[in-house]
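Here are my notes for your review. Please read them with the model open.

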Amino acid sequence: MSSLMIDSDHESKEGMHGNSHAHVGDGALPESNHPLPVGGGGGSGPPGWDGEPGVPLHRRRAVVKRRVLWWLLHFLQVLVLSIIVILLLVAVGIPVSDNGVPQPGDYTQMEFKWTTDPRSYLSPMNSTFGDYNVLLDAHLHTTYSDGVLSPKQVIEYAIANGYNAIIVTDHQTVEGSLVAKEYAEKHYRDQITVITGMEYTCCRIHMNLIGINESIAVSPPFPSDDELRDVINKVHDMGGMVIVNHIPWSNTTMLPWGDARLPGNPTREELFDWGVDGFEVVNQNTFDLRSYQFVQDHSDRLVALTGSDMHYPASSYAWTTINATDRSAEAILDEIRNRRTSFLLDASGTRPVQDPPFKDDYFKYAPWGLIGDYFYGYADRYRGQYSFQGTFCQPEVVDRHGAMMGWFFLWLLVSILVLEILYWFFHWLVLLIAHAVHRRISRRRAR
């Protein structure tokens, strides 16, 4: 390195740097387009620094000060630019994560080609039940509410999983069940019976209203006891029945509120007094033993049904068994009214399941959604259970992780600093190699 600065090489250095050192002896500052690292004493640094003869000490200090200031301003510029980019990612990523990313699975073309026969390996819960000719799923959803399968697909899914009767119960509407019933009667009359209904959904209770052909208006998100009694009475006036759904799910403790998922969920005793007709004793793969025992204790008034609560196609776990005079909707409903049911239960679930193919649009927008999900990690947003009436059943809680945000910006500073050091190190290294190559070439030419 020191040989770069000896007088014998002065001409070669001037040839390399042009006129940048022409007036060094007159006290002019060396020019440079880029700040260079400060070299050591004895001529070990690049030209124009403390090793250059004739440059006063205060001038060299001024150059160092100016270039350190330049580096600090450059560092702040990179930092501000990084923060702006991060804010732009947050501004775009979070809204896309909330509303813009389509569901990953394309369920529209799904078909269900398998056949399941639960009779071949399961027996009714009530061992004295006897023969049965109906296997019923009493709780399914379609695209008319929050299900992903069309009424046509729901029918085909049910047939593949061993059901020959279903009750379609979309949230707040009977429309999906009416469409499914019409399609089944036209295309699958000999294979499956569709019974109409809807799921009455609010922040206090979910109830299947079955055997009705008209939607019942849903009361406010938190209806009073009297309003719930009025709904039950209205269903009875329409010739339908009221089945209380998934009590364990409704009473699951939700954090951070420490309250039930459906606050103020009526007790079984209250519901019995209000005149409900029965309870869903199996929902998906959850067996509600307390409700089952409650039905057994009031078998002269209550019926037990099972439901997959199918929103997405998955395994089937339970089949309500009925021995009807025929497989018409009226005959099946008559057996339910007379409380003559049992059920098959497979806690492991049926084996045939399949995933839908991915949507092309999902991959297009998923990166933005993933960015939004990442930044959501710096705060926990709890919205609670959706009421299906445009609101939520719990007040929103946002828990911001200030320590995590602080560490994020600290690591951002460290990362920028490391990158800057690496940049200037390699910049210095390239210049060093260039000087060495130029010196060797100059020496060869001198020979």
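**Notes on the predicted model**

1. His-246 is buried, with a relative accessible area of 3%. The residue sits in the loop between β7 (241–244) and α6 (247–250). Its phi is positive, about 25°, although His-246 is not a glycine. Keep in mind that this is a predicted model.

2. A second non-glycine residue with positive phi is Phe-388, at about 65°. Phe-388 belongs to the loop between β15 (379–382) and β16 (397–400). Its relative accessible area is 21%, so Phe-388 counts as partly exposed; the cut-off for buried is under 20%.

3. Check the peptide bond between Leu-255 and Pro-256. This bond is cis, with omega about 10°. Pro-256 lies in the loop between β8 (253–254) and β9 (259–260).

4. The salt bridges number 10 in the structure. One of them pairs Glu-156 with Lys-152, with the closest N and O atoms 2.9 Å apart. Both residues lie in helix α3 (residues 151–160), 4 residues apart, about one turn of the helix. Glu-156 counts as buried at 15% relative accessibility, while Lys-152 is partly exposed at 36%.

5. Another helical salt bridge joins Glu-185 and Lys-181, at 3.3 Å from N to O. Why are Glu-185 and Lys-181 separated by about one helical turn? Because they are 4 residues apart in helix α4 (residues 175–187). Glu-185 is partly exposed at 39% relative accessibility. Lys-181 is also partly exposed, at 23%.

6. Asp-288 and Arg-268 form a salt bridge as well, 3.5 Å from N to O. This pair links distant parts of the chain, with the partners 20 residues apart. Asp-288 is in the loop between β11 (286–287) and α8 (289–297), and Arg-268 is in helix α7 (residues 268–274). Are the partners buried or exposed? Asp-288 is buried at 5% relative accessibility, and Arg-268 is buried at 11%. Elsewhere, Arg-381, Arg-383 and Glu-396 are joined into one network by salt bridges that share partners.

7. Next, the aromatic contacts. The count comes to 27 aromatic pairs. Tyr-362 and Phe-363 are edge-to-face because their planes meet at 70°, above the 60-degree cut-off, with ring centres 5.6 Å apart. Phe-363 is partly exposed at 49% relative accessibility. Phe-425 and Trp-428 make a tilted pair, 6.2 Å centre to centre and 40° between the planes. These two residues are 3 apart in helix α11, about one helical turn. Phe-425 is partly exposed at 42%, and so is Trp-428 at 28%. Ring pairs also link Tyr-374, Phe-375, Tyr-378, Phe-408 and Phe-409 into a cluster.

8. Now look at the surface. A nonpolar patch of about 980 Å² includes Trp-407, Trp-411, Leu-419, Phe-425 and Phe-426. Leu-419 lies in helix α11 and counts as exposed at 56% relative accessibility. Phe-425 belongs to this patch and to the tilted ring pair with Trp-428.

9. Which residues gather in a patch of positive charge on the surface? They are Arg-440, Arg-443, Arg-444 and Arg-447. Arg-443 is placed in helix α11 (residues 402–446). At 40% relative accessibility, Arg-443 is partly exposed.

How values were computed
Residues are numbered from 1 along each chain as its sequence is written. This is a predicted model: local features need pLDDT of at least 70, side-chain atom pairs count only at pLDDT 80 or more; totals for chains, interfaces and linings use all residues. Side-chain values use heavy atoms; hydrogens and water are left out. Patches are made of residues with over 30% relative accessible area and no salt bridge: like charges are joined within 9 Å, nonpolar side chains (Val, Leu, Ile, Met, Phe, Trp, Tyr) within 5 Å. Accessible areas come from the Shrake-Rupley method with a 1.4 Å probe; for residues, only the protein chains shown count as cover. A salt bridge is a side-chain nitrogen of Lys or Arg within 4 Å of a carboxyl oxygen of Asp or Glu. Lys and Arg count as positive and Asp and Glu as negative; His and the chain ends are not counted. The place of a charge is taken as NZ of Lys, CZ of Arg, CG of Asp or CD of Glu. Buried means under 20% relative accessible area, exposed over 50%, partly exposed in between (1.4 Å probe, protein chains only). Rings of Phe, Tyr and Trp (its six-membered ring) pair if their centres lie within 6.5 Å; planes under 30 degrees apart count as stacked, over 60 as edge-to-face and the rest as tilted.
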